[in-house]
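Here are a few short exercises to work through with the model open beside you. Try each task before reading its solution.

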Amino acid sequence: MARIVGRTLKEKQSTVQTLHGNATSIAEEVLGGMKTIHLFNAEKLEHERYSTAIATAHDTEMDVGKTKAAFDGIVHVAANGAILLVLGYGGTLVLANELSAGDLTGFLVYSLLMAGNVSSLSGTYAEVMKNVAAAGRVLEVMDRVPEIPSKMTMLHDDGGGWRYW
């Protein structure tokens with residue numbers, strides 16, 4: 001289940017990164033062509049375009065949050081359910097004099113400690129998958145070949161810096 005949720009979070013977060021990139025591109029276009037937008041009286045159109053892009057990114061990010069919350073909730077319920085099962089079965093063993101109340105209490109304390117850590121791991125796993133998707137998108141953008149070739153070449157300087165020719 002964790003792999004399925006992790007894969008889903010990774011895909012959704014990658015989509016969110018793309019949508020934020022699209023919204024940023026729209027903002028750059030508007031800011032770069034402000035005179036043209038004023039000349040054509042297109043402020044409202046550009047505002048709606050940007051608002052739609054941001055709203056779409058926000059809605060997708062909300063889906064990511066809901067998926068993460070559902071995963072965390074399921075893990076917490078499962079951990080608490082396991083503790084209740086241990087308590088119920090341990091109670092029957094105490095009533096049958098096969099286990100002392102102190103041993104059951106000690107086992108439950110250790111079980112609660114483990115359940116809390118497992119629940120924390122689920123949140124950490126979800127965050128890691130979101131960050132992997134975000135890093136993948138950044139690396140994808142960095143590896144992109146520019147459409148406009150540059151005549152400048154970057155040479156490594158022996159002094160530790162970079163110089164352009």
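## Exercise 1: Contacts and cores

In this predicted model, V5 is in contact with T67 and F71, once its neighbours within four places in sequence are set aside.

**Task.** Find the residues that make up the largest nonpolar core, and name the elements that give two or more residues to this core.

**Solution.**

- Step 1. Start from V5, which belongs to the largest nonpolar core along with L9, V16, V64, F71, V75, A126 and M129. That makes 8 residues in all.
- Step 2. Now assign the elements: helix 1 (2-32), helix 3 (43-95) and helix 4 (101-142) each give two or more residues to this core.
- Step 3. Look for another core as well. A second, separate one has 6 residues, among them A23, I26, V30 and A42.

For background, nonpolar side chains tend to be buried together in soluble globular proteins.

## Exercise 2: A shared arginine

**Task.** Which residues do salt bridges that share partners join into one network? Work out where each one lies and whether it is buried or partly exposed.

**Solution.**

- Step 1. Begin with the total: the structure holds 3 salt bridges.
- Step 2. Take the pair E29 and R49, whose side chains meet in a salt bridge at 2.8 Å, N to O. Because E29 lies in helix 1 and R49 in helix 3, this pair ties together parts that are 20 residues apart in sequence.
- Step 3. Next, R49 also meets the side chain of E46 in a salt bridge, at 2.9 Å, N to O. Both E46 and R49 lie in helix 3, 3 residues apart, which is about one turn of the helix.
- Step 4. Check the accessibility. Buried means under 20% relative accessible area, so E46, at 13% relative accessibility, counts as buried. E29 counts as partly exposed at 49%, and R49 counts as partly exposed at 32%.

## Exercise 3: A link between helices

**Task.** Identify the salt-bridge partner of K68 and say which parts of the chain the pair links.

**Solution.**

- Step 1. K68 forms a salt bridge with E127, and their closest N and O atoms are 2.2 Å apart.
- Step 2. K68 is in helix 3 and E127 in helix 4, 59 residues apart, so the pair links distant parts of the chain.
- Step 3. E127 is partly exposed, with a relative accessible area of 29%.
- Step 4. To finish, return to the network: salt bridges that share partners join E29, E46 and R49 into one.

Definitions and conventions:
Residues numbered from 1 in each chain as written. Predicted model: local features only at pLDDT ≥ 70, side-chain atom pairs only at ≥ 80, totals over all residues. Heavy atoms only, no water. Core = buried A, V, L, I, M, F, W, Y, C linked by side-chain atoms within 4.5 Å. Buried < 20%, exposed > 50% of the residue type's maximum accessible area, 1.4 Å probe, protein only. Helix = DSSP H or I, 4+ residues; strand = E, 2+ residues; numbered from the N terminus. Contact = heavy atoms within 4.5 Å. Salt bridge = Lys/Arg side-chain N within 4 Å of Asp/Glu carboxyl O.
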